[in-house]
Amino acid sequence: MSSPSIVSLSWGEMKVEGSDTLYKDCKVWPGGKRTWDWRETGTQHRPGVQPADVNEIVNKGIQTLVIGRGMEKALQVPEETLAFIRSKGIHALVLQTEKAVAQYNKLVKEGVAVGGIFHSTC
């Protein structure tokens, strides 16, 4: 099962293959996608992406997790979260969101088992 590609990205809006939903922030993995609702885990720009934010994705059989920090890289990714991802044997790529989406889509095309978590504003 492959991961859905990100078909469009602009400030505050993402479209994922196979969905009519416009996402502000989203999570994607092989065979799935959904809104990333920061309220579920109390996420804020600082300290940033928490292990609880990525837990769902790292348990989907991925090899690589791409994290989009926002268009202006305002969203932080603490070492605790990166250590959690590595403890699952998963490679993490942390990039500005436009670069993250490009890298994610490249990995999808290459057939890599890839997941992503993307913030589409600041």
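**Exercise 1. Is tryptophan 38 buried or exposed, and what is its relative accessible area?**

Solution. This is a predicted model: local features need pLDDT of at least 70, side-chain atom pairs count only at pLDDT 80 or more, and totals for chains, interfaces and linings use all residues. Residues are numbered from 1 along each chain as its sequence is written, and side-chain values use heavy atoms, with hydrogens and water left out.

- Step 1. Apply the cut-offs: buried is under 20% relative accessible area, exposed is over 50%, and partly exposed is in between (1.4 Å probe, protein chains only).
- Step 2. Tryptophan 38 has a relative accessible area of 14%, so the residue is buried.
- Step 3. Tryptophan 36 is buried too, with 3%.

**Exercise 2. Find the aromatic pairs and classify each.**

Solution.

- Step 1. Rings of Phe, Tyr and Trp (its six-membered ring) pair if their centres lie within 6.5 Å. Planes under 30 degrees apart count as stacked, over 60 as edge-to-face and the rest as tilted.
- Step 2. The count comes to two aromatic pairs.
- Step 3. Tryptophan 36 and tryptophan 38 are 5.5 Å apart centre to centre, with 45° between the planes: a tilted pair.
- Step 4. Tyrosine 104 and phenylalanine 118 are 5.5 Å apart centre to centre, with 80° between the planes: edge-to-face.
- Step 5. Place the second pair. Tyrosine 104 sits in helix H3 (residues 97-109) and phenylalanine 118 in strand E8 (residues 114-119), so the pair ties together parts 14 residues apart in sequence. Helices (H or I, at least four residues) and strands (E, at least two) are DSSP runs, numbered from the N terminus.
- Step 6. Both tyrosine 104 and phenylalanine 118 are buried.

**Exercise 3. Work out which face of helix H2 is buried.**

Solution.

- Step 1. H2 spans residues 79-87, and its buried residues are Thr81, Leu82 and Ile85.
- Step 2. Down the axis, these fall within an arc of 100°, so they line one face of the helix. The arc is taken from the directions from the helix axis to the C-beta atoms.
- Step 3. The face turned away from the buried side carries exposed Glu80 and Ser87.
- Step 4. The cover over the buried residues includes helix H1 (51-58), strand E6 (64-68) and strand E7 (91-95).

**Exercise 4. Account for the polar surroundings of arginine 69.**

Solution.

- Step 1. Arginine 69 lies in the loop between E6 and H2.
- Step 2. Arginine 69 is buried, and the nearest side chain of opposite charge, glutamate 72, is 11 Å away.
- Step 3. A polar atom of the arginine 69 side chain lies 2.6 Å from the backbone oxygen of lysine 73.
- Step 4. The arginine 69 side chain also reaches the backbone oxygen of leucine 75, at 2.6 Å.

Terms used
Contact = heavy atoms within 4.5 Å. Lys, Arg positive; Asp, Glu negative; His and termini not counted. Salt bridge = Lys/Arg side-chain N within 4 Å of Asp/Glu carboxyl O. Polar contact = N/O pair within 3.5 Å; in protein donor to acceptor, adjacent residues only side chain to side chain.
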